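Q: Before we look at any details, could you take me through the features of a protein model one at a time, giving the general idea before the particular case?

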Amino acid sequence: MDFSLIETMRWTPEDGFVRLEQHLRRLSRSADALGFRQPQDARRALDDAVDGDEPLRVRLVMSFRGKIEVTTAPFVIQSPETVWKVRIGTTKLKSDDPLYRHKTSRREPYEAARAEFSADEADEVLLTNERGEMCEGTITNLFVEDQEGMLMTPPITSGILPGVLRADLIRERRAKGAVLKPADLEEAMTAGRRIFVGNSLRGLIQAELL
């Protein structure tokens, strides 16, 4: 295999890594599913890579043989009032392709969707599957409020990456899986219900569907 497994997470000097255990469990599960060796000293490699008094974006890349490489970059935590401009692209995900249920360096559909719009036109681009169901964004999972304030998020069967933040929200009973169509997003906005995109690095970000 000529591709890698990836985990991207946030580190702050006050709190350390955000959801570290969940990221490492997902990495291990993906390694098992795709025939990779189990990660070698991932926790130590992460600890050795972080330092300083500012938040960091931490990216872990693991090869087929289990070799770990960690890189960091400064990270600005966004204000809770931040709203991203979101559009639905024409790029499709295959709901029955198990590869895209793991976070890997094979990102062709996500890159194609992102290329459909400039950065000025959209902060994030959402993909659908061959059945016209909503899947996810190029770097985020999708969440839509229902009438009771529960967050509905596309299920695994729609063909998504099960994000670490998404899993936490479901475990906390703040979110639940539900098949969504583009019309459901438009209906939610018309009714004044919020749409979010999010991942473990950035948290939940309110979205405006354009």
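A: Let us begin with a term that is needed throughout: a contact here means heavy atoms within 4.5 Å. Please also keep in mind that this is a predicted model.

Q: Which residues does Phe75 touch, not counting residues up to four places away in sequence?
A: With those neighbours left out, Phe75 touches Arg10, Pro55, Leu56, Arg57, Leu201 and Arg202. Phe75 itself sits in the loop between β4 and β5 (83-93). One of its partners, Arg202, is 127 residues away from Phe75 along the chain, and the C-alpha atoms of the two are separated by 9.4 Å.

Q: Is Phe75 buried or exposed?
A: The term buried is used for a relative accessible area under 20%. Phe75 has a relative accessibility of 13% and therefore counts as buried.

Q: How should I read a pair of aromatic rings, and how many aromatic pairs does the structure hold?
A: A pair of aromatic rings is described by the distance of the centres and the angle of the planes. The structure holds three aromatic pairs, and one of them is formed by Phe3 and Phe36, with 5.6 Å from centre to centre and 65 degrees between the planes, an edge-to-face arrangement. This pair links distant parts of the chain, since Phe3 belongs to the segment before β1 (5-12) and Phe36 to the loop between α1 and α2 (42-49), 33 residues apart.

Q: Which ring pairs with Phe36 at planes of 75 degrees?
A: That ring belongs to Phe64: its centre and that of Phe36 are 5.5 Å apart and the planes stand at 75 degrees, so this pair is edge-to-face. Here too distant parts of the chain are linked, with Phe36 in the loop between α1 and α2 and Phe64 in the loop between β3 (56-62) and β4 (68-74), 28 residues apart. Ring pairs thus join Phe3, Phe36 and Phe64 into a cluster.

Q: Which of these three rings are buried, and which are partly exposed?
A: Phe3, at 7% relative accessibility, counts as buried, and Phe36, at 6%, also counts as buried. Phe64, at 34% relative accessibility, counts as partly exposed.

Q: Turning to helices, at what angle do α1 and α4 pack, and how are they placed relative to each other?
A: For two packed helices one reads the angle and the separation of their axes, and angles of 65 to 115 degrees count as roughly perpendicular. Helix α1 (residues 20-34) and helix α4 (residues 164-171) pack at about 115 degrees, with their axes 10 Å apart, and the two are therefore roughly perpendicular to each other. The crossing of α1 past α4 is right-handed. On the α1 side the contact is made by Gln22, His23 and Arg26, and on the α4 side by Val164, Asp168 and Arg171. By class, the residues of this contact divide into one nonpolar, two polar and three charged.

Q: What do the corresponding values look like for α1 and α2?
A: These two helices pack at an angle of about 135 degrees, with their axes 11 Å apart, and that makes α1 oblique to α2. The crossing of α1 and α2 is right-handed. Leu20, Glu21 and Leu24 in α1 meet Ala42, Arg43 and Leu46 in α2, and the classes in this contact are four nonpolar, no polar and two charged residues.

Q: Which residues of α4 are buried, and what covers them?
A: The buried residues in α4 are Val164, Leu165, Arg166, Asp168 and Leu169. Their cover includes α1 together with the strands β8 (141-145), β9 (151-153), β10 (175-177), β11 (195-199) and β12 (203-209).

Q: Where does the backbone take a positive phi?
A: Among the cases is Arg173, just after α4, with a positive phi of about 60 degrees. Arg19 has a phi near 60 degrees, a positive value in a residue other than glycine; Arg19 lies in the loop between β2 (16-17) and α1 and is partly exposed, with a relative accessible area of 21%. Asp41 has a phi near 55 degrees, again positive in a residue other than glycine. Asp41 is placed in the loop between α1 and α2 and, at 48% relative accessibility, counts as partly exposed.

Technical notes: Residues are numbered from 1 along each chain as its sequence is written. This is a predicted model: local features need pLDDT of at least 70, side-chain atom pairs count only at pLDDT 80 or more; totals for chains, interfaces and linings use all residues. Side-chain values use heavy atoms; hydrogens and water are left out. Axes are lines fitted to C-alpha atoms, for helices over the stretch in contact, and angles run from 0 to 180 degrees between N-to-C directions. Helices (H or I, at least four residues) and strands (E, at least two) are DSSP runs, numbered from the N terminus. Angles under 35 degrees count as roughly parallel, over 145 as roughly antiparallel, 65 to 115 as roughly perpendicular and the rest as oblique. A crossing is left-handed if the near helix is turned anticlockwise from the far one by less than a right angle, and right-handed if clockwise. Ala, Val, Leu, Ile, Met, Phe, Trp, Tyr, Cys and Pro count as nonpolar, Asp, Glu, Lys and Arg as charged, and the others, Gly among them, as polar. Rings of Phe, Tyr and Trp (its six-membered ring) pair if their centres lie within 6.5 Å; planes under 30 degrees apart count as stacked, over 60 as edge-to-face and the rest as tilted. Buried means under 20% relative accessible area, exposed over 50%, partly exposed in between (1.4 Å probe, protein chains only).
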